[in-house]
Amino acid sequence: YIGTDAIEIRIGKELTPWHLETVIRTNFTDAYNEGRWAMMNDPDVGDFVPAVMYSAILDDRTTEICRQLDGKVFLKNDPDIAKIKPPNHYNCRSMLVPVTKFEEFEPISRDAKMRILAIKPKNFTQTGEQDAL
């Protein structure tokens, strides 16, 4: 993409290193999580993975949405998964972790989901994401 109109934020005619890092990190997180999601939904996996847990890297750069979602469990058939599947913002480093049928888990409540989704950046959407809960 360097040298094309695909990446538009530039200083003069030069691509800024921090913008390139943002694009790469965000797209890598998206591709990584889509691959994991496809694996967890493979027909050969069946009902072995009934849920996923949101896992965020917790440090001084962690956003409020990722901090709130960290450790929360969602059933795989939850229609709101598309709204929380990482990346949830630029430079997101979070991922979904499979939860097997042999693990004890408690899915997140609808009220807790609503509170968390209310803080998601409004201008950051993903393919397939619905406008309403």
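Five bridges join strand β3, residues 51-55, to strand β5, and the two strands run antiparallel. This pairing belongs to a predicted model, and the report starts from it and works outwards.

**The sheet**

At one end of the β3-β5 pairing, Ala51 stands opposite Val99 in β5. Ser55, in turn, stands opposite Met95 in β5. Strand β3 also pairs with β4: three bridges join them, and here too the strands run antiparallel. Within this second pairing, Met53 has Val73 in β4 as its bridge partner.

Taken together, three strands make an open sheet with the order β4-β3-β5 and antiparallel pairing. Strands β4 (73-75) and β5 (95-99) are at the edges with a single partner strand each, so one side of each has no neighbour in the sheet. From one strand to the next, the twist averages 35°. In a regular strand, side chains alternate between the two faces of the sheet.

**The helix across the sheet**

What lies across β3 and β5? Helix α1, made of residues 17-40, does so, and it runs at about 15° to β5.

**Aromatic pairs**

The structure holds two aromatic pairs. One of them is formed by Phe28 and Tyr32, and this pair is stacked, with 6.0 Å from centre to centre and 15° between the planes. Phe28 and Tyr32 are four residues apart in helix α1, which means that about one helical turn separates them.

In the pair of Phe48 and Phe102, the ring centres are 5.8 Å apart and the planes stand at 65°, so the pair is edge-to-face. The angle settles the label because planes over 60 degrees apart count as edge-to-face. This pair links distant parts of the chain: Phe48 is in the loop between α1 and β3, Phe102 is in the loop between β5 and α4 (110-117), and 54 residues separate them.

Are the four ring residues buried or exposed? The table gives the value for each residue.

| Residue | Relative accessible area | Class |
|---|---|---|
| Phe28 | 54% | exposed |
| Tyr32 | 38% | partly exposed |
| Phe48 | 37% | partly exposed |
| Phe102 | 64% | exposed |

Phe28 counts as exposed because its 54% is over the cut-off of 50%. Tyr32, at 38%, counts as partly exposed because its value lies between the cut-offs of 20% and 50%.

**The chain as a whole**

The chain contains four helices and five strands. Along the sequence these elements follow the pattern β-β-α-β-α-β-α-β-α.

How many of the 133 residues count as buried? The share is 35% of the residues of the chain. The accessible surface of the chain comes to about 8500 Å², and carbon and sulfur atoms account for 55% of this surface.

Contacts can also be sorted by separation along the sequence. Among those between residues at least 6 apart in sequence, 71% join residues at least 24 apart.

**Confidence**

The chain has a mean pLDDT of 84, and 80% of its residues reach 70 or more. Where does pLDDT stay under 50? It does so over residues 127-133, and for this stretch the model has twelve contacts beyond four places in sequence.

Conventions: Residues numbered from 1 in each chain as written. Heavy atoms only, no water. Pairing = 2+ DSSP bridges. Axes fitted to C-alpha atoms, helices over the stretch in contact; angles between N-to-C directions. Contact = heavy atoms within 4.5 Å. Phe/Tyr/Trp six-rings, centres within 6.5 Å; stacked < 30°, edge-to-face > 60°. Buried < 20%, exposed > 50% of the residue type's maximum accessible area, 1.4 Å probe, protein only. pLDDT = per-residue confidence, 0-100. Areas by Shrake-Rupley, 256 points an atom, 1.4 Å probe, with all protein chains shown as cover.
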